[in-house]
Amino acid sequence: MTIRPTQGRIFDLIRAGIQSNTAQLIRAQEQAATGRRIVRASDDPVGTSLSLSLRRQIGAIESFVASTESARPEVGQASARLQEGSDVLAEIRSLMIQGMNGALNQRDREAVARQIELLEGQLLEIANTRSGDSYLFAGTATNTQPFVETIVDGETVVAYRGNDEQQRVLSGREAEVVLNVTGSEVFANFDYTGTEIGGTTGITNGTTADSGSGYGRILVRHDGTTGAVGAGIALAGGGDTAVGDRTVTVDATAGTIQLGAGEPFDIPTPLPASLSVADENGARVTFDMTGWTGAATTGTVTGAASISLDGATYTPTTLAETDLRLEHGTTGAVVHVDTTALHTAGEELLTFSGTPSVFDTIRGAVSDLRMSDETDRTEILLRLEARLGELDRSQDDLLIGLGQLGATAQRIDVAATRLEDLEVTVEGLLSNVEDADFAEVALDLQRAEQTLQLAQATGARLMQQTLLNYL
Amino acid sequence: MSLSTNIGLRALLTSQAALDTIGHNVANANTEGFSRQNLLISNSRPLNLRGLQLGHGVQADQVVRSVDELLNGRIVRQASTIGRLDAQLVEMQSVEALLGEPGGDGFGALLDGIFESLSALSANTEDIVNRTGAVQSTEDLITRFHQVSNEISQLQSDAQIKAQSLSDGVNVLASRIVDLNQEITQIEAVSGTVANDLRDQRDVALMALAERVDIQVRENTEGAVQVQVDGQLLVGASNVHPMSVDISADGQIEVRLEGGVRPVDPSGGEIAGLIEFSRAFASEVGAGLDAYALEIARALNSAHSTGVPLDGGFTQLRASNAVTDVDGDGEVADELLRDAGLPFDVNTGALYVHVIDETTQEVRTERIDVDPSRMTVQGFLDAISSIDGLTARLDTFGRVDIDATSGNRFHFGRPINSAPDAEGTFGGGRATTVSAFDGPFSLAGPATIDITGPGGPFSVTVDPATFETVGEGTAEEIAAALNADANFTGANLQASVVGERVAIQTVGEGSAESFQITGGTALTALGIAPGTYAGQDLAVQVELSGTYDGLANDRWTFEPLGDGVIGTTPGLEVAVRDQNGAVLVTLDVGAGYAPGNAIDIADGMSVSFTVGEVRASDGHAFATDVIADSDTSDVLVAFGLNAYLTGTDARTIDIRDDIRRDPRLLAASATGAVGDGGALLDMIGAQSADVTALGGTLGEYYGEIVGDVGFQIASAQSAQSIESDLMSSLEAQREEVSGVNVDEELVRMIQYEQAYSAAAQYLQVITQLNDTVLALV
């Protein structure tokens, strides 16, 4: 309580009152104009800290969105390309089945082979798809063309040059999403299950495990036939494929010659200088019949052979090895074979099952289809069937890859949705902390205005009061 | 009769003096610092006349000002307090505005922007647009750091300029006080009255002085005041000790008074507010931002330094931090790594260096063990230079410079060595024997190994005298000793290292190769068994694949548990041991295993073996390093090798210059493959990782800085509001005592006007009385 009021004091009070009320009015106006409760840190330091921490959360969420969103187009593209690849494979498969039709002649098969070749080119293009500058199916070696045609051992094959690594992005704290499927997974999956030997020469698997990949050939070279038949029949040489001992039986009465348990063969007249006789396995020995006395005879002829995996190094066989090691000089593939049942010289298709790339399989099928009519049809069928099995495996790999990409796309979607939800929640919290409550601001504004008016009115009245009015 | 006239005259004069005083008060009703004056009047001494005590009228004694000196003293002190808060608050609010928080464009948002652009890049590491984006967003943060740190320095130097101009004002006021002192003492001594108005003026000057700097005022008996600042004399009886403001050696504002031996440290007034702002607040915020910048650099560099740029490695790399000659002996390279003046600490740990042959793409990995309290800078350079294909030196500025020889590239990433058995010590083609256990091997003195090679028997002596640790040989040392022996190499033998074991092998491969160990004194210590060892034609090829996601670096040793052929021998197993010798996993590679197929080991890694024979009896084994962090020593960060950010505080932090020019140098890959974003993921990890030095994440630390600024300003604001309230209450009190109430003065004016009229009337009566008497004459 002021004991001794003075005019100066009254004016000071009026001034102070108007000033503090105007300041409140300005503060309320600032909140209304910016829409924010906290304009500067000192307005509410605790709120500011909270706001910063919420903004950090939004920042972190936005990082995750940035990575998953920038990953999305590539995942989509990869997925679409694999779908195309799967369609191409289905078409190749139906063409291969068409090619297995026994009614087709060599020209028809050539037409099928050409179509398959075109499709294979398309598949190769898919496998080498680029998104921007980076290859989609090269693992993390995205600057390297993953599937390249190279010449191995005189044959053009498709080699994988990418790596097996996964591209990852963070989809949340400590949470990673794998973006890619590698080319090796979908087009050249290595899941070795054993070595398959085609089976026309009689060679079987040895006891020791093998290692290698893709396809190969086991070459059984005929190294000459020895032995005597008798009755003036000589060995003509040339075109012999029978390996090991064979009994030759000449039936003078029927006028036939029989090799092993094969069909007896009519000996034509005039006596030929070169008569090729096949045994029950189709293994042949050629005889010179010109010196035949016409008598019946039984003799034994023996075919020698050597075996090779690469066509360069041949190992002579005793036909008694149960575990003969063959090595490919270029690829390093190792195959162990059992030669005890070897009966015919020739070429075996060797499949390291579960390892050929889809391109190996298709190219193999093409070359099978191009085999001449002279080749045994069964052999072509056998080969194509083996290829078909591998093609189905490749199709499966591709579908698995497609599934993975689908799952990744879904994870990205889920992550994006979750992040959006979180962002909305956090932004709501942020708004609670930072933003002005408009109803409150309006009330504040009104209150400040009224108080100011009151201060002005009373001040004005007070200022007029002086004794002078009455003197 | 003259008595009566005298009484009348005095009454008239006194009323007039009273009216003068009232007029003076009314005139100065609005004058600042004016104290209401009063005329003190009393009745005059009576006269003894005619036996009567006759009153002798009224007399004006003195004009006094109505003032409470103690209250004035409190107001002066309060003015200092408010001056300090006001000055401080204005400056602090500039800093607050500079930080721009909370809002979308402060440091926090810019740092998050970097992480966002790095995240976008991590999904598409080759994309040059994303790379430029990452560099650009970093540039935004850097620019902000530079701008804010400059602005804070600017605010500090502005504060100094303001303090200087305030001190000029202080000196003017001080001279004025000295002048007033002189006038007051003179007037009061001569007239014996109080110099009311001059004292009011001096009070006003003291008040103005107190607003600028807090003062202690003492009045002497003559009425002069002495003014002290922080115990030093500013205003003496008749002289001024002028104030000067300078910048001290440590860049702070320094206030001195002439003749003072030490600088004064005012605790109030605007000058104190400016000093406090500059010395405490701005410095603290500046230091906080410096630490923030330093830790951002450390966090990003620590992930980036082990990354690999887009072109797969470096041919040349220059460090950004220079080594300094801390011990001052003129030699820089002899400093220990822990005291080499580097901005970041080096820890005890390992650094993996990979050298890539550009033709064969073969990767050689070397591990350098770093102990900062033992390894010197030169030791580090030597360790790098000892790696085939690399040379390291210090440039003229003391920065490490690493060059790859032609045809080589290098990096510090964590590639997977897909062919870990380069020497073929695990079922390879060479005749091989390997120690049965890990080194170091204890050899007390020279020891022998007796070998029979193709040329006949010989003996190799290993002399432990040359080893680093006396009596103990590491696998490397023993292998080197063997390879240095002419008989040994002459017999076409070679020694190599398998993890921490020694392998003795023939140089040639195949079943024709063999050697025999017949005895020797070193065999037991080395874990090598005597026997005949033969090579084989079918060599096992080992291939390692996957991404190592274990938490720590490790060295895995693979050894067969028995003799047999991969994929064939029933029950054949391979044990994988970690670096402590514990079995991590046992792999089944016997019958049923299809050679070439990958088998999972652990931590995201798998291995495949091709067909061939492995023999535990020959000690067959191979070892490989799996790397989670290729620089646990942080030596790269300390030297600033392959840094992303250079500089050590808010002012100097910057993007490495060549990365700014060529964003392809941003080391995104951890393995070296261009599509890998491992290093980026580590960099992004810094967003949520705790930083030991900051006691929280980078973001949390920044939140603390901003929160602290907010708190300090808010508390200064509330202090200012409290102190202002106190001031206005003190001023109200002063107004009560010294203020002029015009109405009151008007009342008194009328009172004295009437008294004057009465006195005049009285005089007239006396005059008439006189006339009456004169008429009698």
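Q: What makes β5, β6 and β7 of chain B a sheet?
A: Start with the vocabulary: strands are DSSP runs of E with at least two residues, helices are runs of H or I with at least four, and both are numbered from the N terminus. Two strands pair if DSSP finds at least two bridges between them. Four bridges join β5(B) to β6(B), and three join β6(B), residues 225–229, to β7(B), so both links pass that test. The result is an open, antiparallel sheet in the order β5-β6-β7. All of this is a predicted model, where local features need pLDDT of at least 70 and side-chain atom pairs count only at pLDDT 80 or more, while totals for chains, interfaces and linings use all residues. Residues are numbered from 1 along each chain as its sequence is written, and chains are lettered from A and ligands numbered from 1 in the order in which they are written.

Q: Which strands of this chain B sheet are called edge strands, and why?
A: β5 (216–219) and β7 (232–235) of chain B, because each of them pairs on one side only.

Q: Which bridge partners can you look up in the structure?
A: B:Q216 has B:Q228 of β6(B) as its partner. On the β7(B) side, B:V227 is matched with B:V235, and B:V229 stands opposite B:Q232.

Q: What tells the two faces of β6(B) apart?
A: B:V225, B:V227 and B:V229 make up the covered face, while B:Q226 and B:Q228 sit on the uncovered one.

Q: What do the two hairpins look like at their turns?
A: Between β5(B) and β6(B) there are five residues, and B:G223 in that turn has a positive phi of about 100°. The hairpin of β6(B) and β7(B) has two residues between its strands, and there B:D230 takes a positive phi near 45°.

Q: What makes the phi of B:D230 worth pointing out?
A: Most residues other than glycine have a negative phi. B:D230 has a positive one although it is not a glycine.

Q: Why is B:D230 called buried, while A:A231 is called partly exposed?
A: Count the other C-beta atoms (placed from the backbone) within 10 Å: 20 or more means buried, 12 or fewer means exposed, and in between is partly exposed. B:D230 has 20, so it counts as buried. A:A231 has 18, so it lands in between. A:A231 is another non-glycine with a positive phi, near 55°, and lies in the loop between β9 (215–228) and β10 (234–235) of chain A.

Q: Where are the cis peptide bonds, and what omega values do they have?
A: One joins A:T269 and A:P270, with omega about -10°. A:P270 is in the loop between β13 (265–266) and β14 (275–278) of chain A. Another joins B:E101 and B:P102, with omega about -5°, and B:P102 lies in the loop between α2 and α3 of chain B.

Q: How do you know whether chain B is a compact globule or more spread out?
A: Chain B has 15 helices and 35 strands. Its radius of gyration, taken over C-alpha atoms, is 47 Å, well over the 28 Å that the globule rule (2.2 Å times the number of residues to the power 0.38) gives for 777 residues, so chain B is more spread out than a compact globule. The C-alpha atoms fill a box of roughly 175 × 50 × 40 Å along the principal axes. Of the 777 residues, 46% count as buried.

Q: What makes a group of residues a nonpolar core, and which residues have the most contacts inside the largest one?
A: A core is a set of buried Ala, Val, Leu, Ile, Met, Phe, Trp, Tyr and Cys residues joined through C-beta atoms within 7 Å. The largest has 287 residues, and A:I218, B:L209 and B:I566 have the most contacts inside it. Contact means C-beta atoms, placed from the backbone, within 7 Å. Leaving aside neighbours within four places in sequence, B:I566 touches residues including A:A209, B:V540, B:F609 and B:V614.

Q: How many residues does each chain give to the contact between A and B?
A: Chain B gives 62 and chain A gives 66. On the chain B side, α14(B) contributes the most, with 14 residues.

Terms used. Two residues are in contact if their C-beta atoms, placed from the backbone, lie within 7 Å.
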